[in-house]
Amino acid sequence: MKYVLISGGVVSGLGKGVTASSIGVVLKACGLRVTSIKIDPYLNIDAGTMSPFEHGEVFVLDDGGEVDLDLGNYERFLDVTLTKDNNITTGKIYQSVLEKERKGDYLGKTVQVVPHITDAIKDWIESVAVIPVDGKEGPADVCVIELGGTVGDIESMPFIEALRQLSFQVGTIFCFQKTKPTQHSVRELRALGLTPHLLTSRSAEPLLESTKEKLSKFCHVPIENILNIHDVPNIWHIPLLLRNQNAHHSILQQLNLLNQATPPDLQQWTEMAETFDSLTESVRIAMVGKYVGLTDSYLSVVKALLHACVARSFKPSIDWIAASDLEDESAKSTPEAHAAAWATLKSADCVLVPGGFGDRGVRGMMLAAKYARENNVPYLGICLGMQISVIEFARSVLCWEKANSVEFDAQTPNPVVIFMPEGSRTHMGSTMRLGSRRTLLQTSDCITSKLYGSSEYVDERHRHRYEVNPDVIGTLEEAGLQFVGKDESGKRMDILELPSHPFYVGVQFHPEFKSRPARPSALFLGLILAATGKLEAYISRQNGS
């Protein structure tokens, strides 16, 4: 197993995840099998309980792992299926060591950061690196490791030390320093025992040759190993940028893999990047959510919309609407924001209400769902967005004025959304319905089935602790709402449609997590097709009629 380590200096959040993913793409294009590991030095066991405002979205894996959003980048770029163990946190490492200590596995020794924590880190990396993630048997050729945070953080010190030790055990670990103020960071990294072989420098414009020469001189890195990731029209250009600077040759040479690799074939990436650049016609998507102040909170939704739009030759134009701005109270407290939110909603080609937790903005989401339902505007509700559509339908059509989710009103006389029986009311982490679950489609005569190629079932990823109340399904269906997808027990509602509407779909799962650049999510594709008036023709072609 060969390892590529990407670390960052000075400031976190400059795009190490995209850089790591892009390196993986280039190596994969050279015919190598690639896997990825993300190291997050925080003490949380996983990202599951973190606020989207602080950390961006929580990405969910097939095995139910709630992980850092960078693993979503890895899955999308490399088209792999990772496990929760591909995201290492300080919390996981310390938990595993302390569990061993309690069992007596250390035979009475004093348990210390070195060697016990560092050994646990090395063992974790080596065991996870050999797990196949691309559907083939046997381990990958290269494992790309991204070390979160910045070099010099006290939190990352045990990981740096473990990686230093690992470099002696397995041969060269290819250190990839991604930074702006480069010289200081390289000095810091060297002082900790790791020597970078390549530097990538972020900049708005391409670096001058004189700047590269200066970096080479002061950082002791060959000039051909100094790469520049300057601003590009879209991130699909970054693997091409690395290829054009011969990054693959430098990496393969350092890892002694030149004889095993082929010239990089990035034709598909080139086509995707150039196609996106050439798009002129856009589709307006109203995204009505709780966390619109930080777009990373909905990163996978944004990427899934991008994949679907590009597949249909449209440029996504996302209008972010804070759900609370649509509410009646907002008309009094912030009338300008209220008017702007409604004007934006009414000018959109389609409406999307994504997932979320808590009652803030819920009434605004219901108003958005009602507007879409009554005006035949294509609507996709995801997780909370599906539950919102059920509550709104119960209130408006069944006239259950106080219908609600018990998440928002524990005493509601009409609980149309309830707490799942197997959920925990005392512990938040990893206690939801998580990971890939099978949904059985109840009829082939529905939009969802046709978009999924008339499949009898779909496997999608879930993350929720509330569900539609099975006791009210009959009443809702008599009034016109149709539940076309259920779990294998038949009691849990996973997909709803409104047959009288051109495209009104709610799903309890998160289809965005499995969307890929060359393989967009069926439901996001359906939303864009409906928004552009091309759904009916597409379904007719797909079904050969």
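In strand β19, Gly485 is the bridge partner of Leu441. This pairing, taken from a predicted model, is a handy place to start a tour of the fold. A second partnership reaches into β19 as well, where Leu440 has Lys486 as its bridge partner. The strands concerned are β16, covering residues 433–441, and β19, covering residues 482–486; they run antiparallel and are joined by 2 bridges.

Strand β16 also pairs with β17, again in an antiparallel manner, and here 8 bridges hold the partners together. Ser436, for instance, finds its bridge partner in Arg461 of β17. As a helpful reminder, strands of a sheet pair through backbone hydrogen bonds, either parallel or antiparallel.

These strands belong to a wider arrangement. They take part in an open sheet of 9 strands, and reading across it gives the order β11-β10-β12-β13-β21-β20-β19-β16-β17, with mixed pairing. The sheet ends at β11 (315–322) and at β17 (457–464), the edge strands, each of which pairs on one side only. On average, and ignoring direction, neighbouring strands of the sheet are turned by 25° against each other. A helix rests against this sheet too: α14, made of residues 335–346, packs on it and touches β10 (282–289), β11 and β12 (350–353). The direction of α14 makes about 145° with that of β11.

Elsewhere, attention turns to a pair of helices. Helix α1 (residues 16–29) packs with helix α3 (residues 70–78) at an angle of about 25°, and their axes lie 9 Å apart. Because angles under 35 degrees count as roughly parallel, α1 is roughly parallel to α3. The crossing of α1 past α3 is right-handed. On the α1 side, the contact is made by Gly17, Val18, Ala20, Ser21, Ser22, Gly24, Val25 and Lys28, while α3 contributes Asp70, Asn73, Tyr74, Phe77 and Leu78. Sorted by class, this contact of α1 with α3 has 6 nonpolar, 5 polar and 2 charged residues.

Stepping back to the whole chain, the protein has 20 helices and 21 strands. Its radius of gyration is 25 Å, close to the 24 Å that the globule rule gives for 545 residues, so the protein is as compact as a globular protein of that length. Along the principal axes, the C-alpha trace of the protein spans about 70 × 60 × 50 Å.

Technical notes: Residues are numbered from 1 along each chain as its sequence is written. This is a predicted model: local features need pLDDT of at least 70, side-chain atom pairs count only at pLDDT 80 or more; totals for chains, interfaces and linings use all residues. Side-chain values use heavy atoms; hydrogens and water are left out. Axes are lines fitted to C-alpha atoms, for helices over the stretch in contact, and angles run from 0 to 180 degrees between N-to-C directions. Helices (H or I, at least four residues) and strands (E, at least two) are DSSP runs, numbered from the N terminus. Angles under 35 degrees count as roughly parallel, over 145 as roughly antiparallel, 65 to 115 as roughly perpendicular and the rest as oblique. A crossing is left-handed if the near helix is turned anticlockwise from the far one by less than a right angle, and right-handed if clockwise. Contact means heavy atoms within 4.5 Å. Ala, Val, Leu, Ile, Met, Phe, Trp, Tyr, Cys and Pro count as nonpolar, Asp, Glu, Lys and Arg as charged, and the others, Gly among them, as polar. Two strands pair if DSSP finds at least two bridges between them. The radius of gyration is taken over C-alpha atoms; the globule rule is 2.2 Å times the number of residues to the power 0.38.
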